[in-house]
Amino acid sequence: MAKRRRRRLRKQVSVGLVVISLIAAGILALLLTPLFNVHTVTVHGNKTVAREDIVRGSGIIEGTNIFGVSLSRVRDNLEGMNRIASVKVRRVLPSTISITVEEGAPTVYILSGGNCVGITSDGRVVSITSAPASLTGAEAPQLPFAAMDKPDAEENDESTEDEDIDEGSEEEPEPEPEEAEPIVLSTGLDRAVVVGMGGAQYKVGQKIVFDDEVKSEQLFKLLDEFLFDDICLGVNRVDMSRYDSIYMDYGAGLRISIGPAEELSFKLKSFKAIMGEQLSEDATGTLDLVRLTYDPKTR
């Protein structure tokens, strides 16, 4: 009796396994039919990046089985495209891949190696484009007070130390070095360009890494405290060449001296108050946010 029951149980198990195998084979055969081939790729959230570029950049091949498409690979491909900050990809059965992108507008551009690298306020690279000729050809001469950094040739000329000075004569005081002329460029870009940061490593979709850690810290402090404000949309250039003398060019010809990257909250409030109440957007000259002085002269 017990043996008969065991044989019946084994037979039921065997039949069950056969049925399950047949069902699995049927499902697999169904999934591999053209019904589940990719026929449509939908794109949502794009504003400046063309749908065709997103579909092409995704790497999805029409006619591929929908379950053979690696969603993580599609996401990685698209997050490496200019102006794409984040991507969501999902399957919509039976034959559609849905892509939703979030475009990232750069907070500023970093001039590096002949490129304008668009980064967000947290340093994520969202675009890399060739820099305008006006920037690549004029970056070095634009360094503020560059003449003041050069050693005085007369002080290093030892031959003058032994020269006799006529009795009663007075040495003429050496003229003070003149400040470099503020040069304001029209970059043609929709955000400020930061120059003087030195070397950097960057790739779209990843955070930019600067060789100079001190300047990197100063820049992100500036982005957090200063350039993130709407009033700073008029800033077209930021010079980070010197640690203690950060400059911005605003509007048509206003040079803004920030000094070191300290007390930026106070300097921002001062800048907003001055621009909102005392100066117009087309003001020229030099605004010193350290001394809180304004010189209307245009050099």
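User: In this predicted model, which side chain of opposite charge is nearest to Glu 103, and how far away is that side chain?

Analyst: The general idea is to ask first whether a charged residue is buried, and then what surrounds its side chain. Glu 103 is buried yet has no salt bridge, and the nearest side chain of opposite charge, that of Arg 83, is 6.0 Å away. Because a salt bridge requires a side-chain nitrogen of Lys or Arg within 4 Å of a carboxyl oxygen, the pair with Arg 83 at 6.0 Å does not count as one.

User: Which backbone nitrogens lie by a polar atom of the side chain of Glu 103?

Analyst: Here one turns from charges to polar atoms of the backbone. The backbone nitrogen of Lys 47 lies 2.5 Å from a polar atom of the Glu 103 side chain, and the backbone nitrogen of Val 49 lies 3.0 Å from a polar atom of that side chain. Glu 103 itself is found in strand S3, residues 96–103, and, leaving aside residues up to four places away in sequence, its contacts include Gly 45, Asn 46, Thr 48 and Ile 84.

User: How should I read strand S11, and is each of its faces covered or open?

Analyst: For a strand, one looks at the two sides separately and then at the pairing partners. Strand S11, residues 245–250, has six of its six residues buried; Ser 245, Tyr 247 and Asp 249 are on one side, while Ile 246, Met 248 and Tyr 250 are on the other, and both faces are covered.

User: Which strands pair with S11, and in what sense?

Analyst: Strand S10, residues 235–242, pairs with S11 in the antiparallel sense over five bridges, with Val 235 standing opposite Tyr 250, and a hairpin joins the two through two residues. Strand S12, residues 253–259, also pairs with S11 in the antiparallel sense over five bridges, and in that pairing Asp 249 stands opposite Arg 255. S11 and S12 form a hairpin with two residues between them, where Gly 251 in the turn has a positive phi of about 60°.

User: Which residues have a positive phi although they are not glycines?

Analyst: For such residues, the phi value is best read together with location and exposure. Glu 263 has a positive phi of about 50° and is placed in the loop between S12 and helix H6, where it is exposed, with a relative accessible area of 60%. Leu 292 has a positive phi of about 55°; its place is in the loop between strands S13 and S14, and at 42% relative accessibility it counts as partly exposed.

User: Where is a cis peptide bond found?

Analyst: For this feature one reads omega. The bond from Leu 93 to Pro 94 is cis, with omega near 10°, and Pro 94 lies in the loop between strands S2 and S3.

Note on methods: Residues numbered from 1 in each chain as written. Predicted model: local features only at pLDDT ≥ 70, side-chain atom pairs only at ≥ 80, totals over all residues. Heavy atoms only, no water. Buried < 20%, exposed > 50% of the residue type's maximum accessible area, 1.4 Å probe, protein only. Helix = DSSP H or I, 4+ residues; strand = E, 2+ residues; numbered from the N terminus. Pairing = 2+ DSSP bridges. Lys, Arg positive; Asp, Glu negative; His and termini not counted. Polar contact = N/O pair within 3.5 Å; in protein donor to acceptor, adjacent residues only side chain to side chain. Contact = heavy atoms within 4.5 Å.
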